[in-house]
Amino acid sequence: MIAINEKGYYGEFGGAYIPEMLHPNIEELRQQYVQVMEEPAFQREFRHLLKDYVGRPSPLYLAERLSGHYKATIYLKREDLNHTGAHKINNTIGQILMARRLGKTRIIAETGAGQHGVATATVCALMGIQCIVYMGAVDIKRQAPNVSRMRMLGAEVRPATSGSQTLKDATNEAIRDWINNPVDTHYIIGSVVGPHPYPDMVARFQSVISEEMKWQLEEQTGRENPDAIVACVGGGSNAAGAYYHYLNEKEVRLIAVEAAGHGIHSGESAATSVLGTKGIIHGSRTLLMQTPDGQITEPYSLSAGLDYPGIGPLHAHLIASGRAEAISITDDEALASAFFLSRKEGIIPALETAHAFAALDKMEYSPEDVIVVCLSGRGDKDLDTYIQHFDRF
Amino acid sequence: MNRLDKLFAHKQKDILNIYFTAGYPAVEDTGKIIQALEKAGADLIELGMPYSDPLADGPTIQQSGQKALKNGMTLPLLFDQVQAVREKTDIPLVLMGYFNQVMQYGEQRFLDKCVAVGIDGLILPDLPLYEYEQYYQEMVEKAGLGISFLITPQTTEERIKKVDELSRGFIYMVANSSITGAKGGITDKQLAYFERVNRLPLKNPRLIGFGISDHETFVTACRYANGAIIGSAFIRALAEGKEVEKATEDFVRSIRGVGVSA
C-alpha cells in the first residue's frame, strides 16, 4: 500500500525539515489541509472552477498516428488544453481556495518554466489577491513570454539571483519570503516537493488527472487500467496526478521520465534518480543531486521545468521501491520528440512534456498494450527554443 | 564539563556570541578569526558551515557561504581547522549548519568528529524537533554535545517548553520572524515577546539573535536575555577588506561599547 504517514513520510522519504520560523505556517496547513479539502463546500467550489474556468475534464485522446508508429494503443491525457496551457492550474485553483479559507491575503510562488507562475498569477487575479512570483534570473530570460503573461495578469515577478539562478534558487527565495511574512502569506508550491504537507496536498489536487483517466479509459476501452502511464518528472506534479489513483494498482506500470540534459554522465544533467543520493532539499528528505560534502549541485536541462536537482518524496519512494521505472531523456531526444509529435498529431508540446514522449522510444511494451502519456503542457512558451533548432529537425 | 556549560555556569549576563562563516573571507581565516574573537572578548563563537542552500539566511550570510565554498571550504577542512586552533583557544565553539550536511557526513561520524576536534555545541535550524527526538537525541546527548533549538515570536508556549526540554546549552531566541541580516531597531512588540518568554520557567539560558547588529541592539537584547548573537553585521565588517584580526577587534569593541582602538 503506497500512502503517506501522519508525519509526512512515504517510506523513508518526506518529512518537514524546515526552520522553526516556518513551523506555525506548516503546522497550520498540516492540521487543516485534509479537513478543508474534504469539506463539501470546498469540493463544490473546486470542482466548479475546474469545470467552468479550467475547462475540465481534459480529453483523453486516442493518438492514432502515434499508435500506428509505435505499434501500441497510445492515449494522450490532454492537460495542455487546460486554461493557461498546462496541468499546473489544477493545483493553483486548489491552493488559492485553501489560502482563502486560511485567511491569507498575499500569495507567493516559485516558477521554473513559468507555467506554475502563470497559473498562480491567474488564480490570484481571479480572486483579487496580491501575487509575487520568484523566478530564477536565467529562467526569466529563457521563458520571456511567460514572464510577460504573469505581469499582464498583475503579478510581480521577482528575479532570484542567488546560486544557479534557476528553479532551485527561486524556491529558496520564495521560502525566505515566507519566513519574512509568516502571518498574511500563503506559499503556493508548484510541485509535489517541499515540506509536508505540500507533496501530499499538491498530489491530491493534481489527482483529478488520474481520476478522469479511470472513467475515460473505461468509456473508451472498457477497462479502467492502462498498462503503462508515462509522465515527465521535474519535481513531479503531473506525474503524481497521473499516477495517483493507480499507485496501488500493481499491474499498471508507472514510467517517470527525467531530463538527462546533455547526457546522464555529461556533468550537465538533471537525472535525479540516477545521479541523486538521499538528502534534504527544500524541507524534504528525498533523492537529490549533491556533492559528497552535501552541497546541492546545480542541475542542467534545456527545459526550465525539469531543471531541478531533486524529485518529490513520493517519486523518490516509487523509484527506490521499484514501483516506478525511471527513464532519462536528453535535450536532443526531447527536441526531436517535440518536432515528431507536432507533425504526427498536430500538437506542439511543452519541452518538459516532450521528454515524456521521447520515452516511448526507450520503453518496452507489447502491441496489445494501452499506454497513457500525460501531455502536461503545450509548447507555445518554448517556441523560441524550438525555432533555434528548426534546421536540425 | 563542556565549555558551553562552563561559560553559562560563571556568566549569565551580556554574553556575546559572534557568528561567522568558516573559510570566509579567505579559507585560512577561520582559525585567525576564532583567536581574534577570543582575544577581543567574545564569549562564544557560532561557526557557520558554508552551505549551497541556506534557507534561513539572508543575502549577507548567503554570499559569505558562496565565497567560502568558492575558496574551497569543505566540512573535513573545517574540522581540521578547528582541531588546529583548539590547541590555542578555550572559547566555546558551536557549529551552525544545515542538516543535509550532517546527513552526508554521516550523523554518528559527524558527532564523533565534533567531539574529537573540540566542538561544544550544534545549531541545525532545519532539523525538526520531532526527528531529533525520534532519531538523534540519544546520539547527541551521549556525545556530550550541546544543541540549541530556535524559538520565534510565533512559537507557542507549549512548544517553547519542548524546545527547552530538548536544548542543551542555550536556546536560540529569534528576535523577529525573518531570515538573518534583518535591519532596524527592536520594536515594542518584540520586547513584549522577550518578556513573555522571560516569564516562563525555562532551564536553559537564552541568547537573542537575528537583527542584532550594533551596540544599541546588543545592550537592549542583553536586558531581556542572557546575551545575544551577531552574525551578518560581523560578516559585513569582515568584508570591508581590513586585516581580519584588526576588523574583528574593532567590531567586538564597537559592540561592547568600549571605543575603537587607533
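# Notebook: chains A and B

I began with the contact between the two chains: chain A and chain B bury about 2,900 Å² between them, and 54% of that lies on carbon and sulfur atoms. I note here that the model is predicted. On the residue level, the contact takes 32 residues from chain A and 36 residues from chain B. I then looked up which three residues of chain A contribute most to the buried area. They are A:Glu20, A:Met21 and A:Arg176, which supply 23% of the area that chain A buries against chain B, more than any other three residues.

**Domains of chain A**

I took the domain bounds from the assignment, which gives domain 1 (17-49 + 88-202) and domain 2 (57-86 + 207-392) in chain A. I find the C-alpha centres of these two domains of chain A 22 Å apart. Across the boundary, 34 residues of domain 1 of chain A are in contact with 37 residues of domain 2 of chain A. I get about 2,700 Å² buried between domain 1 and domain 2 of chain A, with 56% of it on carbon and sulfur atoms.

**A sheet in chain A**

I traced an open sheet of six strands in chain A, in the order E3-E4-E14-E9-E10-E13, with mixed pairing. Strand E3 (60-62) and strand E13 (324-330) of chain A stand at the edges; each has a single partner strand, so one side of each is left without a neighbour in the sheet. On average, neighbouring strands of this sheet are turned by 25° against each other, direction ignored.

I checked one pairing inside the sheet. Strand E9 (residues 228-232) and strand E14 (residues 370-375) of chain A run parallel and are joined by three bridges. I asked which residue of E14(A) is the bridge partner of A:Ala228. The partner is A:Ile371.

I then looked for helices lying across these strands. Helix H10 (residues 208-221) of chain A lies across E3, strand E4 (73-78), E9 and E14 of chain A, and runs at about 140° to E4(A). Helix H14 (residues 331-345) of chain A lies across E3, strand E10 (253-261) and E13 of chain A, at about 95° to E13(A).

**Nonpolar cores**

I count 191 residues in the largest nonpolar core, where B:Phe20, B:Leu95 and B:Phe110 have the most contacts inside it. This core also draws at least three residues from each of domain 1 and domain 2 of chain A. A second, separate core has 34 residues, among them A:Ala63, A:Ala334, A:Leu341 and A:Tyr386.

I listed the surroundings of B:Phe20, leaving aside its neighbours within four places in sequence. Its contacts include B:Ile33, B:Ile34, B:Leu37, B:Ile45 and B:Leu47. B:Phe234, B:Ile235 and B:Leu238 are also in contact with B:Phe20.

**Helix H11 of chain B**

That list led me to H11(B), whose buried residues include B:Phe234, B:Ile235 and B:Leu238. Helix H11 (residues 232-239) of chain B is mostly covered, with six of its eight residues buried. The others on the buried list are B:Ser232, B:Ala233 and B:Ala237. I asked what covers the buried residues of H11(B). The cover includes E1, helix H2 (29-40), helix H3 (59-70), strand E9 (227-230) and helix H12 (244-256) of chain B. Just after H11(B), I see B:Gly241 with a positive phi of about 95°.

**Backbone checks**

I found a cis peptide bond from A:Arg56 to A:Pro57, with omega near 0°. A:Pro57 lies in the loop between helix H2 (40-54) and E3 of chain A. A cis peptide bond also joins A:His196 and A:Pro197, with omega about 15°. A:Pro197 sits in the loop between strand E8 (185-188) and helix H9 (198-206) of chain A.

I next looked up positive phi values in residues other than glycine. B:Asp14 has phi near 55° and lies in the loop between helix H1 (3-10) and strand E1 (15-21) of chain B. B:Phe210 has phi near 80° and is found in the loop between strand E8 (206-209) and helix H10 (215-224) of chain B. Which of the words buried or partly exposed applies to each? B:Asp14 is partly exposed, with a relative accessible area of 36%, whereas B:Phe210 counts as buried at 8% relative accessibility.

Conventions:
Residues numbered from 1 in each chain as written. Chains lettered and ligands numbered in written order. Predicted model: local features only at pLDDT ≥ 70, side-chain atom pairs only at ≥ 80, totals over all residues. Heavy atoms only, no water. Pairing = 2+ DSSP bridges. Helix = DSSP H or I, 4+ residues; strand = E, 2+ residues; numbered from the N terminus. Axes fitted to C-alpha atoms, helices over the stretch in contact; angles between N-to-C directions. Contact = heavy atoms within 4.5 Å. Core = buried A, V, L, I, M, F, W, Y, C linked by side-chain atoms within 4.5 Å. Buried < 20%, exposed > 50% of the residue type's maximum accessible area, 1.4 Å probe, protein only. Domains from an automatic or database assignment. Buried area = accessible area lost by both parts, 1.4 Å probe.
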